[in-house]
Amino acid sequence: MTFGLAMIGGGVRMLPENTLLFERLVNVLTEAAPGIRLCFNTRPEDTVEALRRWIQA
């Protein structure tokens with residue numbers, strides 16, 4: 001299975017205590033799927049908008 005886009009939500013990124021988790025996620029994703037694009041939302045309501053930014057790119 002191939003993935004070209006991954007979303008890492010604000011609940012992971014925006015909490016200082018999750019910095020190590022965020023780093024690990026980015027490293028695992030880029031290692032497992034070279035060339036993957038990462039997108040980020042700021043709240044659940046803008047998840048689709050964040051995904052569309054990269055799907056249309």
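Is Asp46 buried or exposed? With a relative accessible area of 11%, Asp46 is buried, because the cut-off for that class is under 20%. We will come back to Asp46 below, after a look at the whole chain.

## The model at a glance

What you have here is a predicted model, and the average pLDDT of the protein chain is 91. A score of at least 70 is reached by 95% of the residues. Among the elements, helix H2 (residues 19-32) has the highest mean pLDDT, 95, while helix H1 (residues 10-13) has the lowest, 90. A general word of care for any such model: where pLDDT is low, the predicted coordinates should not be read in detail.

The chain holds three helices and two strands. If you walk along the sequence, they come in the pattern β-α-α-β-α. The C-alpha trace spans about 30 × 30 × 15 Å along its principal axes. Of the 57 residues, 19% are buried. Among contacts with a separation of 6 or more, 53% are between residues 24 or more positions apart.

## The two strands

Strands E1 and E2 pair in the parallel sense, and four bridges connect them. For a place to start on screen, pick Ile8: the bridge partner of Ile8 in E2 is Phe40.

Strand E1 (residues 5-8) has two faces to look at. Ala6 and Ile8 make up the covered face, and Leu5 and Met7 the uncovered one. So Ile8 appears twice in this picture, because Ile8 belongs to the covered face of E1 and also bridges to Phe40.## An aromatic pair between H2 and E2

Phe40 has a second partner to look at. Searching the whole structure turns up one aromatic pair. The ring centres of Phe22 and Phe40 are 6.1 Å apart and the planes meet at 65 degrees, so the pair is edge-to-face. This pair links distant parts of the chain, with Phe22 in helix H2, Phe40 in strand E2 and their positions 18 residues apart.

How accessible are the two residues? Phe22 counts as partly exposed, at 23% relative accessibility. Phe40 counts as partly exposed too, at 30%.

## Arg43, Glu45 and Asp46

Now back to the residue we opened with. Asp46 lies in the loop between strand E2 (37-40) and helix H3 (47-55). The side chain of Asp46 makes a polar contact of 2.5 Å with the side chain of Thr42.

As a general point, side chains of opposite charge can pair when their charged atoms come close. How many salt bridges does a search of the whole structure find? There are two. In one of them, Asp46 pairs with Arg43, and the closest N and O atoms are 3.4 Å apart. In another, the side chains of Arg43 and Glu45 meet at 3.8 Å, N to O. Arg43, Glu45 and Asp46 are joined into one network by salt bridges that share partners.

The members of this network have their own levels of accessibility. Arg43 is partly exposed, with a relative accessible area of 45%. Glu45 is exposed, at 63%, whereas Asp46 is buried, at 11%.

## Thr30 and the end of H2

Thr30 lies in helix H2. With a relative accessible area of 38%, Thr30 is partly exposed. Which backbone oxygen does the side chain of Thr30 reach at 3.0 Å? That oxygen belongs to Val26. A polar atom of the Thr30 side chain also lies 3.3 Å from the backbone oxygen of Asn27.

Thr30 also gives a handy distance to strand E1. Thr30 and Ala6 are 24 residues apart along the chain, and their C-alpha atoms are separated by 9.9 Å.

## Ala33 and a second distance

Ala33 lies in the loop between H2 and E2. At 16% relative accessibility, Ala33 counts as buried. From Ala33 to Glu49 the C-alpha separation is 23 Å, with the two residues 16 positions apart along the chain.

Key:
Residues are numbered from 1 along each chain as its sequence is written. This is a predicted model: local features need pLDDT of at least 70, side-chain atom pairs count only at pLDDT 80 or more; totals for chains, interfaces and linings use all residues. Side-chain values use heavy atoms; hydrogens and water are left out. pLDDT is the predictor's confidence in each residue, from 0 to 100. Buried means under 20% relative accessible area, exposed over 50%, partly exposed in between (1.4 Å probe, protein chains only). A polar contact is a pair of N or O atoms within 3.5 Å; within protein, one must be able to donate a hydrogen and the other to accept it, and residues adjacent in sequence count only if both atoms are side-chain atoms. Two strands pair if DSSP finds at least two bridges between them. Rings of Phe, Tyr and Trp (its six-membered ring) pair if their centres lie within 6.5 Å; planes under 30 degrees apart count as stacked, over 60 as edge-to-face and the rest as tilted. A salt bridge is a side-chain nitrogen of Lys or Arg within 4 Å of a carboxyl oxygen of Asp or Glu. Contact means heavy atoms within 4.5 Å.
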